[in-house]
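User: I would like to go through this model one question at a time, with the reasoning set out before each result.

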Amino acid sequence: MWDVSIVSQLVDSGAFVSENLELSGMTTLRVGGPARIVAECPTTQVLVDVVRLLDAAHIPTLILAGGSNLVVGDDGFDGVVVRVCNTTVGLEEGFVTAEAGAEWDQVVAQTVAAELGGLECLSGIPGSTGATPVQNVGAYGVEVGSMLRRVHLLDRRTGESRWVEPEALGLGYRTSVLKHSDAALVLAVELTVHPDGLGEPLRYRELVSALNGAEGDRLPSPQVRDAVLDLRRGKGMVLDPEDYDTWSAGSFFTNPVVPDGELAGVLAAIETRLGDVAVPQYPADGGTKLSAGWLIERAGFSKGYPGENAVARLSTKHTLALTNRGAAKSEDLLALARDVRDGVQSAFGVRLEPEPVTVGCAI
């Protein structure tokens, strides 16, 4: 049992403290049971002090910001939820510094409005800035890791904070050494941007087509941002409380990378099921990357699966998103995820891995 003084200690540290709040109200999937204590941290110093306090007392802690990449179990979290609410953003000619709690899309919007380029392809991604290096967030041919200058971390083992270079983060496809680890907490990020106001070179075919451009073109960042937001809205990937297709964690599964020694067998399984079809595939570290959405749909899981009366469904716009239709529980979402994962593995021999972090539950 915790010492009852922990609440007063959190308040003394500068946190705003609530008790017994539903975590479903703090995640974009809108699922998850109660949190015993929630401590909102409005500044970086309060965040550091609160986490140091809880770690020293060995109290279970869940760090939560935008909640856009999180599935919390129906039993909730019997510990302290630390809400990251530091939101300061600073713009310079060649870089931007943003605290971890800053809403990511607002950071992108501010850079575009300031005629700074480079982040526009990452428009519309929900969640906080602090989560972007953890996931090495990416979209439309750009990953945040390619724009990172440095990251401010709190080492939870020593209690010390320091800036680190991107090379220290072990960045990979939708992953880093920070993912699935409590060893360090992101306090802020510093990102390189282009002072000429032009975006990153266009690399993603769908975006190139939408802009009537050519691969490698550098276009004004506002033009690219508008196109990216239009594409994401068409897939239900821009948050809208009135649209259940956006009650999701975004892309639920990562695109699988099939090792070279297994690719022939996977392609043979696809041909057996579908005939001689063109399979989207891309070179990747460790093998060949396939499209998770393509595999899901061709394994028999269409948009809106399993039907309009289900409380948890695939998005009606995009088969890679699992959605809450208003009354789903965590277990409803997880059951759907298992169904899709197992169906793809049975059909093609490829095991899909979830992108969201799970707390108090498992797929």
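User: How much area do domain 2 and domain 3 bury between them?
Analyst: In this predicted model, the chain is divided into domain 1 (4-84), domain 2 (89-234) and domain 3 (244-359). The C-alpha centres of domain 2 and domain 3 lie 25 Å apart, and 7 residues of domain 2 are in contact with 6 residues of domain 3. Carbon and sulfur atoms carry 51% of the area that these two domains bury between them, and that area comes to about 570 Å².

User: How many residue pairs are in polar contact between domain 2 and domain 3?
Analyst: On the side of domain 2 that touches domain 3, the residues by class are 1 nonpolar, 3 polar and 3 charged. Across the interface of these two domains the rule nevertheless finds 0 salt bridges. For polar contacts between domain 2 and domain 3, with both residues at pLDDT 80 or more, the count is 2 residue pairs.

User: Which residues does UniProt list for "active site", and why can they be said to gather at one spot?
Analyst: The listing comes from an unreviewed UniProt entry, which names R174, S251 and E355. They span 182 residues in sequence, yet no two of their C-alpha atoms are more than 11.0 Å apart, so they gather at one spot. The residues listed are therefore R174, S251 and E355, held to a C-alpha separation of no more than 11.0 Å.

User: Where does R174 lie?
Analyst: The unreviewed UniProt entry annotates residues 30-198 as "domain: FAD-binding PCMH-type", a span that is 17% helix and 33% strand, with its end C-alpha atoms 37 Å apart. As for R174, the flanking elements are β11 (161-164) and β12 (184-192), and the residue lies in the loop between them.

User: In which helix do R233 and D230 both lie?
Analyst: By the salt-bridge rule the count comes to 18, and the side chains of R233 and D230 meet in a salt bridge at 3.4 Å, N to O. These two residues are 3 residues apart, about one turn of the helix, and both lie in α6 (residues 221-234).

User: Is the peptide bond from Y305 to P306 cis or trans?
Analyst: P306 lies in the loop between α8 (292-298) and β17 (312-314). The peptide bond that joins Y305 to P306 has omega near 5°, and its form is cis.

User: What is the phi of N20, and in which strand does N20 lie?
Analyst: N20 is not a glycine, although its phi is positive, at about 55°. The strand in which N20 lies runs over residues 16-22 and is β1.

How values were computed. Residues are numbered from 1 along each chain as its sequence is written. This is a predicted model: local features need pLDDT of at least 70, side-chain atom pairs count only at pLDDT 80 or more; totals for chains, interfaces and linings use all residues. Side-chain values use heavy atoms; hydrogens and water are left out. Domain bounds come from an automatic or database domain assignment. Contact means heavy atoms within 4.5 Å. Buried area is the accessible area (1.4 Å probe) that two parts lose on being put together, summed over both. A salt bridge is a side-chain nitrogen of Lys or Arg within 4 Å of a carboxyl oxygen of Asp or Glu. A polar contact is a pair of N or O atoms within 3.5 Å; within protein, one must be able to donate a hydrogen and the other to accept it, and residues adjacent in sequence count only if both atoms are side-chain atoms. Ala, Val, Leu, Ile, Met, Phe, Trp, Tyr, Cys and Pro count as nonpolar, Asp, Glu, Lys and Arg as charged, and the others, Gly among them, as polar. UniProt positions are given in the numbering used here, feature names are shortened, and annotations may be inferred rather than shown by experiment. Helices (H or I, at least four residues) and strands (E, at least two) are DSSP runs, numbered from the N terminus.
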